[in-house]
Amino acid sequence: MSTQPLDIARANPNAPTITGGVATAPARPSLIGQSKKALVKTLERIGLTNRESRMRASQIYNWLYVRGVTSFDDMTNISKAVRAQLADAFDISRMEIVSEQISTDGTRKWLIRLADGNEVETVFIPEPGRGTLCVSSQVGCTLTCTFCHTGTQRLVRNLTAGEIVGQVLIARDSLGEWPEVNTSLTNQPRTLTNVVMMGMGEPLYNFDNVRDALELVSDGDGLSISKRRITLSTSGVVPEIERCGAEMGVMLAISLHAARDEVRDVLVPINKKYPIKELLRACRHYPGLSNARRITFEYVMLKDINDSNQDARDLVKLLRGIPAKINLIPFNPWPGSDYECSDWDRIEAFADIINNAGYASPVRTPRGRDILAACGQLKSESEKERASVRHARERAEAAQAADMTAADTPA
Ligand code: SAH
Ligand code: SF4
């Protein structure tokens with residue numbers, strides 16, 4: 001099947017690209033991603049008293065997440081001697097930006113290199129009155145949704161809390177959003193107002209790190225993006241959904257994409273493990289669910305696959321009784337994808353049925369397509385070491401270890 005790009009943004013060959021050098025692993029542990037409580041413990045470990053650690057932790061936390069500084073030298077309310085001690089022991093620098101591209105429609109995409117050389121992408125989508133940052137939770141994805149570019153990339157690893165929150169810090173840097181020192185923090189205009197966990201990876205398969213990162217992102221003493229403005233999107237990891245509401249308390253989006261199991265089994269293969277009925281049961285019990293806090297159901301529009309009027313009617317029937325929003329996403333093609341986006345009049349007919357059933361069903365305008373920044377187009381070059389290569393290496397290492405042990409053993 002050939003792809004039919006529904007391109008509204010023209011390719012921009014002049015999109016600025018900032019190229020960086022080769023990443024080197026920081027020798028010192030990073031403080032980014034630690035809660036205030038963890039910071040206190042970390043400072044005690046380098047010899048500060050509990051009292052001083054508590055005071056310094058608050059100061060450092062403020063510098064990192066309210067002012068966005070990347071050097072201990074800038075922490076002017078901390079004595080020079082302590083700053084030097086901190087700089088010796090810890091790192092607070094940003095992850096490396098391999099490239100930053102800006103689409104014709106203002107969408108920005110960063111390719112970020114992690115300390116171990118793996119790469120992830122983060123996307124910022126400006127809209128009138130708000131700006132949404134699409135954050136990655138994993139390098140690659142274990143799941144293999146057939147219409148998703150990330151799904152073709154094997155999982156390399158989970159991101160740490162620091163690497164997740166670090167994406168927000170990079171976006172704030174690039175958008176020039178940190179307040180000047182000595183300026184009041186109240187009424188600072190903001191461009192980055194919302195965060196969606198809709199980048200690379202399945203956030204509920206990296207639960208603890210995502211939860212810890214979102215705690216930092218939403219903390220009123222820090223980055224201060226309210227949980228009402230944070231949305232976590234899942235392909236449907238049913239056993240973690242209730243915990244997500246209870247422990248993270250963020251808004252939930254479900255990648256539904258089909259109203260019948262036989263179609264969803266193909267598009268979102270995790271459906272074979274957790275079919276639609278179980279998924280919707282978990283949604284009905286999502287903590288905090290109400291008409292004011294609805295679940296968003298994402299539905300990618302795939303030509304002749306899930307876009308008939310009957311599909312729309314089935315969808316409406318399925319969601320009956322759940323406080324829901326339906327988000328229709330025109331399929332974003334990527335090199336080698338097998339699907340086509342539904343025709344525009346088909347999307348409109350589908351949306352009409354949804355709207356007539358009483359749902360607000362905005363069609364998500366594709367953004368940043370010229371820089372492959374739209375939903376499902378993200379893919380970094382990081383690939384997991386092939387299993388066969390890994391097994392060979394592990395065997396070799398085990399053999400080597402056995403060899404060394406044998407050599408150490410007195411005869
Ligand atoms: N893994 C999570 C979050 C990341 S994907 C999840 O699946 O929900 C974010 C959203 O983009 C999901 O709704 C996903 O189904 C959708 N998506 C993936 N590939 C797409 C594509 N090529 N076109 C449009 N939407 C896509
Ligand atoms: Fe993974 Fe989400 Fe893509 Fe599915 S849609 S492969 S869960 S990133």
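**Exercise 1.** Find which atoms of ligand 1 and of Asn 332 lie 2.9 Å apart, and then look for further polar contacts of the ligand.

*Solution.* In this predicted model, a nitrogen atom of ligand 1 lies 2.9 Å from a backbone N or O atom of Asn 332, and a polar contact here is a pair of N or O atoms within 3.5 Å. Next, a nitrogen atom of the ligand is 3.0 Å from a backbone N or O atom of Phe 147. At Ser 233, by contrast, the side chain takes part, with an N or O atom 2.6 Å from an oxygen atom of ligand 1.

Local features need pLDDT of at least 70 and side-chain atom pairs 80 or more, whereas totals for chains, interfaces and linings use all residues. Residues are numbered from 1 along each chain as its sequence is written, and side-chain values use heavy atoms, without hydrogens and water.

**Exercise 2.** Describe the residues around ligand 1 and say which strands supply at least two of them.

*Solution.* The shell, meaning residues with a heavy atom within 4 Å, has 21 residues, and Gly 201, Ser 233, Ser 255, His 257 and Asn 332 come nearest. By class, 10 are nonpolar, nine polar and two charged, with Gly counted as polar and Asp, Glu, Lys and Arg as charged. The strands (DSSP E runs of at least two residues) that each supply at least two shell residues include β8 (230-234) and β11 (324-330).

Methods:
Chains lettered and ligands numbered in written order. Polar contact = N/O pair within 3.5 Å; in protein donor to acceptor, adjacent residues only side chain to side chain. Helix = DSSP H or I, 4+ residues; strand = E, 2+ residues; numbered from the N terminus.
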